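Biologist: I've got a model open and I'd like to learn how to read its features. Can we go through it together?

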Amino acid sequence: MTACPLCAAATPPPFLVRPSVPVHQNLPAATAAEAQAAPRGRLEMVACGACGFVFNRAFDPALPRYGPGYDNAQGHSPAFAAHLDALARHLVEQRGVRGARIVEVGCGRGDFLARLVAWPGADNRGTGFDPAYDGPDEALGGRLRFARRLYGPDCADVPADVVVCRHVIEHVADPLALLRAVRGALRGAPGARVFFETPDVAWILANAVIWDFFYEHCSLFSPASLAGAFARAGFATAETRAVFDRQYLWLEARPGDAPMPHGAGDIPALATSCGATEAARLAAWGARLAGLVARGKVALWGAGAKGVTLANLVDPDAKTIDCVVDINPDKQGRFVPGTGHAIVPPSALATRGVRHVVPMNPAYRHEIADLLLGLGGAQLAEWDD
Ligand SMILES: [Zn+2]
């Protein structure tokens with residue numbers, strides 16, 4: 001029996017088990033052989049019956065390496081860039097983040113922080129913390145700075161009015177430790193506001209999006225379990241909202257006391273039914289791919305976590321899917337971890353003779369359709385899942 005990392009309740013058996021999955025979804029390999037030999041780990045996804053937290057009880061924090069070569073940049077996609085713009089506009093115009101000292105925890109390449117600092121008339125300054133950051137130390141005339149380290153209690157000397165943390169907490173096996181570290185850094189700033197973004201496990205489970213379960217995401221939250229984690233770490237949640245086609249949760253909180261949300265809601269029941277449908281869903285995908293392949297070569301669109309996970313689930317030996325398209329030039333010419341599918345630019349579809357393209361994320365459907373129109377040849381397969 002495993003205790004829930006959030007509420008310490010004893011948890012039920014896993015609702016979803018995958019014995020051997022690639023550890024990294026966003027670390028494409030230099031050769032197909034290297035991709036097939038990528039490090040692997042075990043998924044045993046559990047839903048806490050007491051608080052609704054969903055986690056991989058078999059997760060080994062020593063396995064993931066978010067160092068050089070790790071590339072989860074999504075800013076190459078117009079749809080994702082529009083999402084970042086909308087979030088920045090929300091923060092500046094609806095939430096009044098102006099003249100603020102902003103800290104971003106896990107800033108990646110700093111794309112979002114740069115938007116907040118450069119927003120016309122906002123007059124913000126920003127410091128991005130990320131051990132994997134590899135750009136210049138400062139930008140925008142010194143208003144934007146970067147620190148190649150983790151943000152925690154030893155960073156209380158970096159004043160913050162606003163802390164932003166996007167797509168980090170789902171990678172952390174002990175989310176309370178992360179939240180308490182942020183809370184510790186804000187001990188002299190009781191008026192600070194924190195904004196977090198993370199996938200919504202209620203959306204994943206309700207839609208049975210089986211390729212949204214992968215090794216890097218060891219901790220998955222619903223609105224209630226996320227607010228509960230913040231309450232346990234000494235934050236009062238002001239708001240949680242669904243963003244990016246409801247796939248993500250956006251939470252705003254402040255240091256303070258808050259009542260603990262009670263119960264797991266419908267998460268345990270949704271988890272049970274999602275786990276029970278995995279085999280049938282994979283069989284349906286196999287049949288669907290076979291139907292497409294009978295008419296010509298097939299490519300997946302998107303070598304991010306979703307595409308890499310689906311490729312590993314439905315075509316582990318790279319026998320059915322011809323290739324995986326990605327618009328990120330740093331991924332092109334490399335190979336999908338686990339399977340060894342080639343990652344190619346859109347322009348390669350015609351030369352490879354691909355007939356059908358399967359989009360991995362319906363949020364990107366329109367931009368993919370537009371790109372395919374310009375290329376001629378390959379068609380978008382109908383998204384009916
Ligand atoms: Zn729990």
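Modeller: Sure, burial comes first: a residue is buried if 20 or more other C-beta atoms lie within 10 Å of its own, exposed if 12 or fewer, and partly exposed in between, with C-beta atoms placed from the backbone. This is a predicted model, where local features need pLDDT of at least 70, side-chain atom pairs count only at pLDDT 80 or more, and totals for chains, interfaces and linings use all residues. Residues are numbered from 1 along each chain as its sequence is written.

Biologist: Is histidine 167 buried, exposed or partly exposed?

Modeller: Histidine 167 is partly exposed, because 17 other C-beta atoms lie within 10 Å.

Biologist: Where is histidine 167 found?

Modeller: Helices (H or I, at least four residues) and strands (E, at least two) are DSSP runs, numbered from the N terminus. Histidine 167 sits in the loop between strand S8 (162-166) and helix H4 (175-185).

Biologist: And which residues does histidine 167 touch?

Modeller: Contact means C-beta atoms, placed from the backbone, within 7 Å. Leaving out residues up to four places away in sequence, histidine 167 touches Glu197 and Thr198.

Biologist: Now helices: where does H7 bend?

Modeller: A bend is the angle between axes fitted to the seven residues ending at a residue and the seven starting there. H7 bends by about 40 degrees at glutamate 278.

Biologist: Which residues of H7 are buried?

Modeller: Among them are Ile267, Leu270, Ala271 and Cys274, along with Leu289 and Leu292. In general, an α-helix has 3.6 residues a turn, so residues three or four places apart point the same way.

How values were computed:
Two residues are in contact if their C-beta atoms, placed from the backbone, lie within 7 Å.
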